[in-house]
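Hi there,

Here is the structure I promised to pass on to you. Please open it alongside this message, and my notes on the spaces in it and on the ligand follow below.

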Amino acid sequence: MITAQAVVFSDHGEPGDVLSTHTYEINEENLDANSIIIKTLASPINPSDLNQVQGVYPSQPEKTTALGTEKPLAVGGNEGLFQILKVGSNVTKFKEGDWAVPTSVNFGTWRTHAVCDAEQMMKLRNPEQSLADGKKQGLTVNQGATICVNPLTAYLMLTHYVKLTSGKDWFIQNGGNSAVGKFATQISRLLGINSLSVIRDRPNFDEVAENLKKEYGATQVITEEQNNSRDFNAEVKKWVKETGGEIKLGLNCVGGKSSTAVARKLGQNGLMLTYGGMSFQPVILPTSLHIFKNVTSAGFWVTALLKNDLELKQKTMDKIVEWYEEGQLKDAASVETKFDGSDLAKFYKEAISNSKEGKQLITY
Ligand code: NDP
């Protein structure tokens, strides 16, 4: 018997108020033929996980009594890295020791162990398998546990909608210093696409811009003030002209006037994808951009795009894994805390309250 813990909620509210620990037993001797028993290696706390607990996120985990409770409840968390402990007699896609990530969102990753259908997990090469396959290195636990949202978001936004010509074309993004922004910058460099990153004005702008160029391969980095300046546009046009391409794609995670200025820099028929709203301001686009430049503004939600397209998810993940294994992609660092075996919900609640210090990752 394995004694497992999960961080659960039956009612919505502030995480500190509604999350609790549910302890349950997993019988290893009684495993369904198509099921697997998995052990969690790590699971992060993402802002959208908290929004789910609060009840303000459009995608929600189903509340069930599957863990043997009287009241239906959901397990928190969407991203996570797992190790296969045992496979059912019909399962061929996994063997003991393999690494896996959830096939879909809403799996409930804030738990020590789970029993699930093998189809609910996708295989990820573990470090021994990467080395045996001749790769330079294996994935770290942080890279595996955080692969499903930010890196996939950046790759898909850059590749799924607009054909950007390597060596010539550009994309522009605000929130250039965000985790998604840094992935987008690195991936565009790997694809040979030029990047123009807008970041908020700050006293150490030169230092941050230099870091984005040197460490992440950004082509140009500008401030929000420069983004909003009509005079500075001439400089941007000069950079773009030098490469013989166009700014065909804009990635917007800020909204407000930052997004208006991003859209203004797009070329004819350009596309702006809005994937976040950090400023809580609406996206407002000048009418002339629509009429005379045929600029399109659309939304991007990785959950919706990949929900019914597992082939695309696998293909995208394979690409990110390959770059990690070759040491060509840097992950976004997390603040890692190892679970000490005590009360799991207490652990997560403490990590949630530390979220301002960076992305929290609970390891096991
Ligand atoms: P991070 O926490 O790494 O970065 C947040 C960024 O937002 C920072 O660069 C910060 O700038 C900037 N920022 C914060 N407040 C403001 C503001 N008021 N005005 C302008 N910029 C601001 O976030 P992530 O990279 O993890 O996520 C970025 C956004 O993308 C989030 O909104 C997230 O929910 C969303 N997202 C959406 C997905 C989708 O499928 N739609 C998938 C993944 C993420 P600074 O550096 O100056 O502090």
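Let me begin with the largest cavity, which holds about 50 Å³ of space. Please keep in mind throughout that this is a predicted model. With the threshold set at 30 Å³ or more, the count is one cavity.

If you would like to display the walls of the largest cavity, select Thr-146, Asn-150, Pro-151, Phe-183, Ala-332, Ser-334 and Lys-359. Sorted by class, this lining has three nonpolar residues, three polar ones and one charged one. Both domains take part: domain 1 (2–146 + 332–363) and domain 2 (150–303) each supply at least three residues to the lining of the largest cavity.

Next, the ligand. There are 17 residues around the ligand, and those that come nearest are Ala-179, Val-180, Arg-200, Phe-300 and Val-302. By class, the shell around the ligand divides into nine nonpolar, six polar and two charged residues.

Three polar approaches may be handy when you look at the site:

- The side chain of Arg-200 has an N or O atom 2.9 Å from an oxygen atom of the ligand.
- Tyr-275 places a backbone N or O atom 3.0 Å from a nitrogen atom of the ligand.
- Ser-178 has a polar backbone atom 3.2 Å from an oxygen atom of the ligand.

On its own, the ligand has 940 Å² of accessible area, and the protein covers 70% of that. Two helices, α5 (150–159) and α6 (179–191), are the elements that give two or more residues to the shell around the ligand.

Finally, the second largest pocket is worth a look too. Its space comes to about 280 Å³. The lining of this pocket consists of 14 residues, of which Lys-237, Lys-265, Leu-266, Gly-267 and Lys-293 are the closest to its centre. The elements giving two or more residues to this lining are α9 (233–243) and α11 (287–293). Which element gives the largest share of the lining of the second largest pocket? That is α9, with five residues. The class split for the lining of the second largest pocket is five nonpolar, three polar and six charged residues.

That is what I have for now. Enjoy exploring the model, and do write back with anything you would like to discuss.

Best wishes

Technical notes:
Residues numbered from 1 in each chain as written. Predicted model: local features only at pLDDT ≥ 70, side-chain atom pairs only at ≥ 80, totals over all residues. Heavy atoms only, no water. 1 Å grid on protein atoms, 1.4 Å probe; cavity = no way out; pocket = protein on both sides within 12 Å on 5 of 7 lines; lining within 4 Å. Points joined across faces, edges and corners; volume = space filled by probe spheres on them. Nonpolar A, V, L, I, M, F, W, Y, C, P; charged D, E, K, R; others polar. Domains from an automatic or database assignment. Near = heavy atom within 4 Å. Polar contact = N/O pair within 3.5 Å; in protein donor to acceptor, adjacent residues only side chain to side chain. Areas by Shrake-Rupley, 256 points an atom, 1.4 Å probe, with all protein chains shown as cover. Helix = DSSP H or I, 4+ residues; strand = E, 2+ residues; numbered from the N terminus.
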